[in-house]
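Me: I'd like to go through this one with you, question by question. Could you put the model up before we start?

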Amino acid sequence: QVHMVESGGGSVQAGGSLRLSCAASAYLDSRYVHCMGWFRQAPGKEREGVAIIFRDAGGTFYTNSVKGRFTISQDIANNTLYLQMNSLKPEDTAKYYCAASENDYCYSNPTNLYEYKYWGQGTQVTVST
């Protein structure tokens, strides 16, 4: 069974920083993973893709609202994904999920939830004014 566990969430004031981590179990074979990413869902809103990293090409995708503030990175050897979040804003408040895709369609549609087979349970990020 593949398990993905997020950590690092919490409550911060606007302008602060958090670093999220996502540890995937050894059952997630990195040879078959094409994309890994962070998604978030705020109350009453749809889940949205925030930052995606493309395993083969090494490129990244960021949604416009986080560009220049968030950085996604990975430690392939340890099957760990990170999201450094700086200059946090109240609108960043959401539950953040990590996900992994073994479907290479994720390259052309990186924020499509249905491309991602494996998901964590999420970690809450709350940004106050």
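Reply: Here we go, starting with a cut-off: a disulfide is a pair of cysteine sulfur atoms within 2.5 Å. Keep in mind that this is a predicted model.

Me: Going by that cut-off, how many disulfides does the count come to?
Reply: Cys22 and Cys98 qualify, with S to S at 2.0 Å. Cys35 and Cys106 have their sulfur atoms 1.9 Å apart. By this rule, the count comes to two.

Me: What pattern do the disulfides follow, with bonded cysteines counted along the chain?
Reply: One disulfide joins Cys22 to Cys98, and Cys35 and Cys106 form another. Counting the bonded cysteines along the chain gives the pattern 1-3, 2-4.

Me: Which hand does the disulfide of Cys22 and Cys98 have, left or right?
Reply: The torsion about the S-S bond of Cys22 and Cys98 is about 55°, so this disulfide is right-handed. Cys22 sits in strand β3 (residues 18-24) and Cys98 in strand β9, so the bond ties together parts 76 residues apart in sequence. Both Cys22 and Cys98 are buried. To come back to your question, the hand is right.

Me: And how many residues apart are Cys35 and Cys106?
Reply: The link of Cys35 and Cys106 has 85° about its S-S bond and is right-handed. Cys35 is in strand β4 (residues 35-41), while Cys106 is in the loop between β9 and β10. Cys35 and Cys106 are both buried. Along the chain, they are 71 residues apart.

Me: On to the open sheet of four strands: which strands stand at the edges?
Reply: The order in this open sheet is β1-β3-β8-β7, with antiparallel pairing. The edge strands each have a single partner strand, so one side of each is left without a neighbour in the sheet. They are β1 (4-7) and β7 (70-75).

Me: Which residue in β8 is the bridge partner of Gln74?
Reply: Strand β7 and strand β8 (residues 80-85) pair in the antiparallel sense, over six bridges. For Gln74, the partner in β8 is Leu81.

Me: What is phi of Asn79, roughly?
Reply: Asn79 lies in the loop between β7 and β8 and is buried, with a relative accessible area of 8%. Most residues other than glycine have a negative phi. Asn79 has a positive value instead, near 50°.

Me: Is Ser87 buried or partly exposed?
Reply: Ser87 also has a positive phi, about 50°, although it is not a glycine. Its place is in the loop between β8 and β9. With a relative accessible area of 40%, Ser87 is partly exposed.

Me: Which residues are linked in a network of salt bridges?
Reply: The whole structure has four salt bridges. The side chains of Arg40 and Glu48 meet in one, at 2.7 Å from N to O, and those of Arg69 and Asp92 meet in another, also listed at 2.7 Å. The network links Arg40, Glu48, Arg69 and Asp92.

Me: Is Asp92 buried or exposed?
Reply: Arg69 lies in the loop between β6 (60-62) and β7, and Asp92 in the loop between β8 and β9 (94-101), so the pair ties together parts 23 residues apart in sequence. Arg69 has a relative accessible area of 10% and is buried. Asp92, at 1% relative accessibility, counts as buried.

Me: Which residue forms a salt bridge with Asp29?
Reply: Asp29 is partly exposed, at 22% relative accessible area. Its partner is exposed, at 65% relative accessibility. The closest N and O atoms are 2.6 Å apart, and the partner is Arg31.

Me: Are the rings of Phe54 and Tyr107 stacked or tilted?
Reply: This is one of four aromatic pairs in the whole structure. The ring centres of Phe54 and Tyr107 are 5.7 Å apart and the planes are at 50°. Planes under 30 degrees apart would count as stacked and over 60 as edge-to-face. So the pair is tilted.

Me: Last one: the charged end of which residue sits over the ring of Trp119?
Reply: Trp119 forms one aromatic cluster with Phe39 and Tyr116. Elsewhere, Arg19 lies over the face of Tyr82, at 4.1 Å from the ring centre. Over Trp119, 5.0 Å from the ring centre, sits the charged end of Arg47.

Conventions
Residues are numbered from 1 along each chain as its sequence is written. This is a predicted model: local features need pLDDT of at least 70, side-chain atom pairs count only at pLDDT 80 or more; totals for chains, interfaces and linings use all residues. Side-chain values use heavy atoms; hydrogens and water are left out. Two strands pair if DSSP finds at least two bridges between them. Helices (H or I, at least four residues) and strands (E, at least two) are DSSP runs, numbered from the N terminus. Buried means under 20% relative accessible area, exposed over 50%, partly exposed in between (1.4 Å probe, protein chains only). Rings of Phe, Tyr and Trp (its six-membered ring) pair if their centres lie within 6.5 Å; planes under 30 degrees apart count as stacked, over 60 as edge-to-face and the rest as tilted. A charge sits over a ring if NZ of Lys or CZ of Arg is within 6 Å of the ring centre and within 35 degrees of the ring normal.
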